[in-house]
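Trainee: I would like to go through some labels and ask what each one rests on.
Mentor: Go ahead.

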Amino acid sequence: MTMLKAPATDTTLVRKNVVELTAQEKSDFVHAIKTLKTLPGTNSKNVSLYDELVAIHSGAMTFDKMQLGGLVILPQDTPSTGPATGADAAHEHGGFLPWHREYLSRFEKALQSVNPKVTVPYWDWADPRSVDVIFDANFLGTNGTGSTLIIEFPDGGATIRLDGGPVVSGNFSEANGWTIVPDLHSNIGTAETLGTTLIRYLASPNAPAGFGFPLDKAETDRIVQSPDYATFRRFVEGEITINADGTQTECLNIPCNHNLVHSLVGGSVPNPNPNETNRRILSFGTISNTPASPNDPVFWLLHANADRLWAEWQKNGRKGSEFYAVPGTERYGHNLNDKMWPWDGGDSIPGSIGSTDIRPYLPVVSPDDIVRPIDTLDWRSYGYTYDTLVKRVP
Ligand SMILES: [Cu+2]
């Protein structure tokens, strides 16, 4: 029997496990997303509301060329300026969860301007039912097709095979209106555009454990047991894993958790060419080329799960602000009271990706629209909660 433990108030909407969505909820979600792709934004390039949200994610990553923990050096003609320079504004530091909580909420509020009942479902990476539900032609679309990549490692090393390519059918194919802005679809290692079509190299259902879905449930359960925020953030983002015996392993060429999911949907492998020291990871698809990743609607489900795990970690006796970096401890933008770009009153200006200037694609952000990590700690203040936080099986 299921009972409500802490019933949601009238104004609180519940983000559900994607496998629990009704057919109507799935079609409402898809319809709201695709509507955002047709609505005007406030950017000077006249790209859609959805596209300018993508531009925010791209712009955040131009504050540091050292992407993916330094595994990839982002080509950049024009560097960023302002206090946020020197660190990715949205990843690899303490602000990863606060920044994405704010970002997801803004996306969700935009969806709700289309349909007030829509919330962002989450993808529980450890749930074996998820992949078939998400990658359905009638929901977020299947794997890409038509391309097989064989990556051979020298000196008798392994051979990796990736099957995927452009997504040519379903709700998010170009034929059905999902056209990506090429300037917001850059390969992270070369800055060349991936074009106008969503690209996926979804992990094979036959992939060995650790290289496919679902992710290890025991490991996911350990994430929310992390003793402190810094460990929790690194664990859920995927910089480290914590083994059953409590030892930590750095996740470098083979990522973990959130980073692993990006990689298993979009396709990325260690670079077999040791001379390319600026590209130690090769990424092929949309969601694994991180600046461009929100062009794949799966992005929102993946990040809703990271946010859910954070809310569960917080609910587990860690609601306060005492867990977060005090000013000056972390890179600017990632401490509790720092302003997070782009909600920083214009203090910092992003750089380019290659020669592509991201700025004309960005929405107009009011100078008094300021968000700091401390403003993001209470997820209920955004008007949502998660099904796992309101339902408990006795
Ligand atoms: Cu992500």
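Trainee: Why is Asp-369 called partly exposed?
Mentor: In this predicted model, the relative accessible area of Asp-369 is 22%. Partly exposed covers the range between under 20% and over 50%, so Asp-369 is partly exposed.

Trainee: What makes Asp-369 and Arg-106 a salt bridge?
Mentor: Their closest N and O atoms are 2.8 Å apart, and the cut-off is 4 Å. The pair links distant parts of the chain, with Asp-369 in the loop between strands S13 and S14 and Arg-106 in helix H3, 263 residues apart. Arg-106 has a relative accessible area of 27%, so Arg-106 is partly exposed.

Trainee: Why is Glu-239 called buried, whereas Arg-234 is partly exposed?
Mentor: Buried means under 20%. Glu-239 is at 15%, so Glu-239 counts as buried; Arg-234 is at 25%, so Arg-234 is partly exposed. Their side chains meet in a salt bridge at 2.9 Å, N to O. Both belong to a network of salt bridges with Arg-233, Glu-237 and Glu-250.

Trainee: Where do Lys-217 and Asp-221 lie?
Mentor: Both are in helix H5, four residues apart, about one turn of the helix. Their closest N and O atoms are 3.0 Å apart, and they form a salt bridge. Lys-217, at 48%, counts as partly exposed, and so does Asp-221, at 36%.

Trainee: How many salt bridges does a search of the whole structure find?
Mentor: The search finds 21.

Trainee: Why is Thr-12 called buried?
Mentor: Its relative accessible area is 16%, and the limit is under 20%, so Thr-12 is buried. Thr-12 touches Gly-383, Tyr-384 and Thr-385, not counting residues up to four places away in sequence.

Note on methods. Residues numbered from 1 in each chain as written. Predicted model: local features only at pLDDT ≥ 70, side-chain atom pairs only at ≥ 80, totals over all residues. Heavy atoms only, no water. Buried < 20%, exposed > 50% of the residue type's maximum accessible area, 1.4 Å probe, protein only. Contact = heavy atoms within 4.5 Å. Helix = DSSP H or I, 4+ residues; strand = E, 2+ residues; numbered from the N terminus.
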